[in-house]
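Student: Please give me a close look at one part of this model. Then show me how the rest connects to it.

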Amino acid sequence: MTSALLEIAGLTRRFGGLVAVRDVAMEVAQGSVHGLIGPNGAGKTTLLNLISGHIPSSSGRIAFGGEEITRWAVDRRARAGIRRTFQNLKLFRDMTVLENVMVGMHGETHCEIWHSLLRTRAQRNEEAAIVERAREALDFVGLLHLSDTKADELPYGSQRLVEMARATVARPKLLLLDEPAAGLNGAESRRLVDLIKAIRAGGTTILLVEHHMDVVMPSCDCITVLNYGQRLANGSPAEIRAHPEVIKAYLGGGYRKRRTTPEQQQQMELARAAS
Amino acid sequence: DTIKIGVFGPFSGDAAAMGGSEKDAVSLVIQEKNAAGGIRGQQIEPVYADDGGKPEEAVNTVKRLISRDEVLINIGSISSPASLAASQVSRQSETPQIVVGGTAQRITTQGNKWVFRSPVPDTKLVSDLVDFIHDKFPKVSKFAFLYVNDDFGRGGFEAFKAAGAKYGFEIVDEERYTRGDIDFTAQLGRIKASPAQAMVEWSRYAEGALVAKQYVQSGLNLVRFGSDGIATPKFIELAGSAADGIYFTAHFSVATSSDIPVAKEFVAKFQKAYGRVPDSYAAEAYDAITMAIKAVEASDKLDRASIRDALAKVSFDSSRGAFKFDDKGDPLLVTHVVKIVDGKETNARNIPVQN
Amino acid sequence: MTLDQFVQTTLGGLAIGCIYSLIALGISMIIRSTDILHFAQGEMLMIGSMMGLSAYWLHNLPFVLVLLAGTIGGGLISVGIEFFIYRKLRLLRVSLINIMIATLGVSIVLQNVARLVWGSEPLRYPTLFASKGLVFAGFAVSPQLVWIVVLSGLIMGGLIIFFRYTTLGIAMQAAAQDPDTARLMGVNVDRTTTYTFALAGMMAGAAGVLLGSLFFASFNMGFMTGIKAFVAATLGGLGSVAGAMIGGLVFGIIETFSGMLISTAYKDAVGMVVLIVILLFMPSGLFARDGRSV
Amino acid sequence: MLRLENVSAGYGAVTALHNVDITVEEGEVAALIGSNGAGKSTALRTISGLVRPTAGKIEFRGEAITDLSPEQIVERGIIHVPEGRHVFPRLSVHQNLTVGAYSPRARAKKNETRERVFELFPRLYERRLQLAGSLSGGEQQMLAFGRAMMAQPVLLMLDEPSLGLAPIMVEEVARAIDYFRTIGVTVLLVEQNAELALDLATRGYVIETGCIVLADSSERLLENPKVWASYLGEQDWEFEAAGHDPDRTVVSDLPVNKGV
Amino acid sequence: MRALPIARLTLLLVLAGLPFAQSNAYWVHVFSLALISVILAFSQQLLVGSAGIVSLGQGAFFGVGAYTAASLSISADVPFLLTIAAGGLAAGLSSLLLIPIVRLKGSSLAVATLGFAIIIHLIMLNEDWLTGGSIGMMDIPAPTLFGFSLGGEVRFYYVCLIAVALVFLALDRITHSRFGRALTAMSQDEEAARASGVAISVYKSKCFLIAAIVSGIAGGLYAYHSRYLNPNDFDFQKSIDILIMVVIGGIRSLSGAALGAVIVVLVPEVLRSSGEFRLLLFGVMVIVLAGTGSRGLSGILIDLAKRISSFRPGAGSPQKPSAVKL
Ligand SMILES: Nc1ncnc2c1ncn2[C@@H]1O[C@H](COP(=O)(O)OP(=O)(O)OP(=O)(O)O)[C@@H](O)[C@H]1O
Ligand SMILES: Nc1ncnc2c1ncn2[C@@H]1O[C@H](COP(=O)(O)OP(=O)(O)OP(=O)(O)O)[C@@H](O)[C@H]1O
Ligand SMILES: [Mg+2]
Ligand SMILES: [Mg+2]
């Protein structure tokens, strides 16, 4: 097994009396796609927010690439290579698609105000490089032809892809995806799986929060399950799929019946009986 | 062809009432003069322009009057800062200006020969008041001084401190407030706690009336002196019985000017035209336009420089007595001290010495 | 500072604070139901004050009716402005900052209309109260102050209950937060907006009569009061009813006490410094109502 | 019960619906499926009055509702759960439910329906005093659903009710839709999860770029190869993940990774 | 996009020719004032248009710049250009005081800047030794550059015009760069911008700094233009006026802001003779122009121009609510 890129230990986050994330420990291996699933309100988004730094933790520590980052601000983490997408889309609505992605390069670039005032060579080169990279990233998600469209004129699914391009344009070390498949239909989610694989092939480690099992199962190497803010299970997709607690709390069985294998059917029934 | 005279002041905004007095008085005189044939057969054309009481706008206004409307002489403004701002332009473009309301000493001490003033400066006004206090209240030497924190109040305060020094007056409590304030209990409370024998209060009439009311409510009982800012009938109307007993200094007062024939005539005409008693701004404006007309009449050429020279030499009977400028451009006039008794202005110089 | 002074200052601060609270409440309610930063709220106070005074001039009405006239006057003007101006702007789908600028325009217009109608000089309010002081626990208290405090207290308490527990009150907030969805629940958003402006205007109108009777009425009495109420509302947490109330009171007390204890020259600065310091620690004011953003 | 005839609608210069005909019979569940941006949400918004049709006629129980305002349409019992949850963020869960029962016809039964909602979604009961804006995505979805229940719908229009819900909650929602059907509420369902939608529905419409391209019973739609290919063709994650078919080539129009 | 530079150059030439068309000293004076206000509006546009920050404190920075330039030229006889630079610098330095409050958002930030403006105004009013207090500061010498007097109205107009052009160029470059992009992103979604590596507080502070410097430069010019300074010209009403300029002109572009500034300066001047009704009419105009939306009057004019020249027939751009959150 490769070394862990992200290590979380004893991480807790309270909102008033509510403990949204409780004493969670987790490791995300370098180069892997790590799934994070769990019932609604289990604390997945909260955990993602803690990792990206959008909310401070109540206690516990987060280490990234061997360095403790628990107290780092969001932008510092972003510059260090942690990028994300949001469950509720957060695009720069009035900017074009290309500009949205160009902002993604912010943490990677350095030209200061005086550079742009004087239009220095460095600034012009950097600007050109940003455009180049942004176009590559858009091409990568298949939206290059929409570069000059205003972001909020796009359909929902395409907006998700813009977020994806913005998060990947800087070639992050760790990419946090929060329900990227929400609002996509079957065919579209299938394309998403390919995209996730391609991103991973480019050397980015991915932490994926998702409720669509047809996206999670084929893409993940390892899955962590949260329930009521606590870690319920951790393991390979096959293990998780068969985990009785997970089935009981999360997967259920009703509308998938027609396509589950006989063994699984059996396991589900076992789980039902156990409760 | 007409003789253009610029008249500017706050015709809008917070100080519009004062600007209104100025405008009314000026138009009264000009109408009368024009009806009588104007100046050497030429009609006088007043050009009114609103400066909103703001220095920045006063600059634009005067520029406009001077270079667009090509007036020969300007009358205005009411507040000292606006007058001062305008006077910079008057100097640059060499146009005479007669200030109506601004009493800050600075206006005429900047070595600007183009600016003249209709009212006496605050230093003179205050030193007359100080003399009055010393005469009539020989025992009073400890003062609480409450003033509005702007050019007007600050000017009054500085002048009082300077003039009072020669009699050993002592300011035992200095209180300020910001223009537009309505609650003065804090200041009055501290005055109450101070050893002051008398309160001097430098406000315009609106705030002055509130101070007076709250003064009565807070149970203070000192000798009260006020500024020329409350020298208007409006003050008594707003303050009601709380105004009783106040002594204030005035450039002009219907009560104390009754022995001046021009004043009598002016008050009667003004009252007939507008249905109200003129305040001191009206009187100052009345005199300003009168002397402007006199200066135009006296100058042999219709240009700004000769009018300026004529103005410097002007001498006439004004609504405030015999009028003449000193070499700085300030008038040599007597000032008045008024006491409010039973809601009426009375000449305080007639009161007996208080022991 | 003597005890007597302390009591007087506190009461004075409380009374001014109540006036700020009433305006701030209107500001907060309007933010709550339309997201508009209503810089003309202070002018409603002025209009209420003037209308009350005019009613008195016409018929020599007793205090309660003068108060009523001011209240209704403020409410009517407020609704009218919403109907003829802000609603049109919303239909044009202009952004909030444009509407905010329009409220500044409205403020300028109202001030100048009032100046033309009622003149530019301050107007004396009739003595509507028994001017004899009441005596509480040995302290003389002017009846105006008591009126103001009691009346404002009642209005504010009523509002809190209204917004927290009644269906209409809750629906008004819903309409503010997401008008389209509120319509899908059957809420007539135009009507709730009218209610909001009516209530806000009425409170300001009442405050105007109270302020006028304490001091005097003038065409420019509203602007500075409005701005200070805005600060008070921010202090309490924009959009929060309780916040506006407390913010107004706190601001009023700070203002009088800083004048008393620190410096009258920098009196207004003290309030601002307190505001900034409080915001530093509680960026959304004392009674923030934040959702989550991520 | 609900009939759209030749309805066209759009946003400014954009026309999002072209001559759409939709019929929903009393008591049935109808599904409207289609890819991103096809105009599904616009169809619902047009019915509920948020978007004005530019042409055509909408009839509800024999009455023309084409020109009514959303408030009036709600009065007739047409309740629309908008896409993307749209809970009132700065109201508590409890207050959100109260707003749901705003219309006079729903107010009377407010308390008992609320009980029913809490029974269906115990999670909401736990969170009843929390501001809705601070709920998790799925919790907000439940709240939006519960809020619609509060309105006593006659015709319930759901726009992607399964969005962001855990698989087990999807079942729960499916059960709730079933429940509505059993008590006689008519349901018009828009879903990306076409399989779920068609499972629940008796009638289905497929919409593409603003035009209805297929209208049939849901069984027949489920068997239609065209539908299968574009909306249902889910890859069987059981096998893929388990590595049973590693060489399977996925049909994809995504460009190959060049940048990363 | 060849058209844009040509249009700009034409505009510059037209403006340069203005004093020949209307040479009355008063009008040239007012035009210079309008240009100074354009610079002020630029500073606010950077804040509100690019960064989505509503500042009610620009009037204070304007004042700091004006007083600094004035006192240096009066007491120390510092050359013209240096005093202007010093004005910008002093305003910039004073903007550092805002650093603690930049983490506030929306209307809280706006009200906090209002508080800042009120405090600065009180300092100008009360600290006589520094500013001359309520009487103000006068006798500001006419500007000279290398012994060449710039005192006349027309000459000073060109000074202002050059300043406007330079500030425009600078801000245009700044906003169309990595920095400007970060500001725009921040104004539309702070969280997402942070997640892309934008350090919000730093960028907001920098934005305030630049805006303050620009306002300070405008203040320096104003000192020489008016040659008399009074605290009342720098109260928060001034800040509000600056905001009005930008919004009615159109917050989306520097040119919109400029147009708004010109309107806010010129219209009251034109109305000056309407006396009592002047402010009333101005208020009505503000309300009407506020209805033009975030593209402002400039947006309408551009659409109109396009329609007339049938550049793109019928291309009225639909309007989007702006990103400014209050
Ligand atoms: N700001 C907040 N204030 C109060 N409670 C909060 C806040 N943010 C989250 N919570 C609560 O914390 C719990 C975890 O929320 P979180 O968004 O992490 O869930 P999730 O696992 O992402 O769920 P979903 O799958 O539905 O998106 C929820 O119950 C939510 O109500
Ligand atoms: N407010 C709007 N302004 C302009 N165009 C819009 C607006 N809302 C939607 N559209 C456009 O109308 C078309 C139909 O959108 P609609 O939201 O109805 O699609 P949908 O089928 O619901 O898609 P999704 O699955 O993404 O929800 C799309 O092309 C969309 O871009
Ligand atoms: Mg989540
Ligand atoms: Mg949709």
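Tutor: Start where chain C meets chain E. Four residue pairs are in polar contact between these chains, both residues at pLDDT 80 or more. A polar contact is a pair of N or O atoms within 3.5 Å; within protein, one must be able to donate a hydrogen and the other to accept it, and residues adjacent in sequence count only if both atoms are side-chain atoms.

Two ground rules come next. This is a predicted model, where local features need pLDDT of at least 70 and side-chain atom pairs count only at pLDDT 80 or more, while totals for chains, interfaces and linings use all residues. Residues are numbered from 1 along each chain as its sequence is written, chains are lettered from A and ligands numbered from 1 in the order in which they are written, and side-chain values use heavy atoms, with hydrogens and water left out.

Back to the interface. Between chain C and chain E there are zero salt bridges. A salt bridge needs a side-chain nitrogen of Lys or Arg within 4 Å of a carboxyl oxygen of Asp or Glu. In all, 45 residues of chain C contact 48 residues of chain E. Contact means heavy atoms within 4.5 Å. The two chains bury about 3800 Å² between them, and 77% of it is on carbon and sulfur atoms. Buried area is the accessible area (1.4 Å probe) that two parts lose on being put together, summed over both. C:Ile97, C:Ile101 and C:Tyr266 supply 15% of the area that chain C buries here, more than any other three residues. Helices H3 (63-91), H4 (96-118), H9 (221-236) and H11 (267-281) of chain C each give two or more residues to the side that touches chain E. H4(C) gives the largest share, 15 residues. Helices (H or I, at least four residues) and strands (E, at least two) are DSSP runs, numbered from the N terminus.

Now the other chains. Seven pairs of chains are in contact, and chains A and D share the most contacts. Chains D and E do not touch, with their nearest C-alpha atoms 8 Å apart. No contact joins chains B and D either; their closest C-alpha atoms lie 37 Å apart.

Look inside chain A. It is divided into domain 1 (1-81 + 172-274) and domain 2 (90-169). The bounds come from an automatic or database domain assignment. The domain centres, taken over C-alpha atoms, are 28 Å apart. Their contact takes 14 residues from domain 1 of chain A and ten residues from domain 2 of chain A. These domains bury about 940 Å² between them, 78% of it on carbon and sulfur atoms. Across them there are zero salt bridges, and two residue pairs are in polar contact.

Chain A also has a metal site. A:Thr45 (OG1) and A:Gln87 (OE1) are the protein donors of the magnesium ion (ligand 3), at 1.8 to 2.2 Å from it. A:Thr45 sits in helix H1 (44-52) and A:Gln87 in the loop between strand E6 (82-84) and helix H3 (97-104) of chain A, 42 residues apart. Donors are N, O and S atoms within 2.8 Å of the metal (3.2 Å for Na, K and Ca); water is not among the atoms, so sites may look incomplete.

Stay with A:Gln87. Its relative accessible area is 11%, so A:Gln87 is buried. Buried means under 20% relative accessible area, exposed over 50%, partly exposed in between (1.4 Å probe, protein chains only). A:Thr45 is buried too. The side chains of A:Gln87 and A:Thr45 make a polar contact of 2.8 Å. Another, of 3.1 Å, joins the side chains of A:Gln87 and A:Glu179. Beyond its neighbours within four places in sequence, A:Gln87 contacts residues including A:Arg160, A:Asp178 and D:Gly137.

Salt bridges turn up elsewhere: 55 over all chains. Side chains of opposite charge can pair when their charged atoms come close. A:Arg166 and A:Glu163 meet in one (3.5 Å, N to O). Both lie in helix H6 (156-168) of chain A, three residues apart, about one turn of the helix. An α-helix has 3.6 residues a turn, so residues three or four places apart point the same way. Both A:Arg166 and A:Glu163 are buried.
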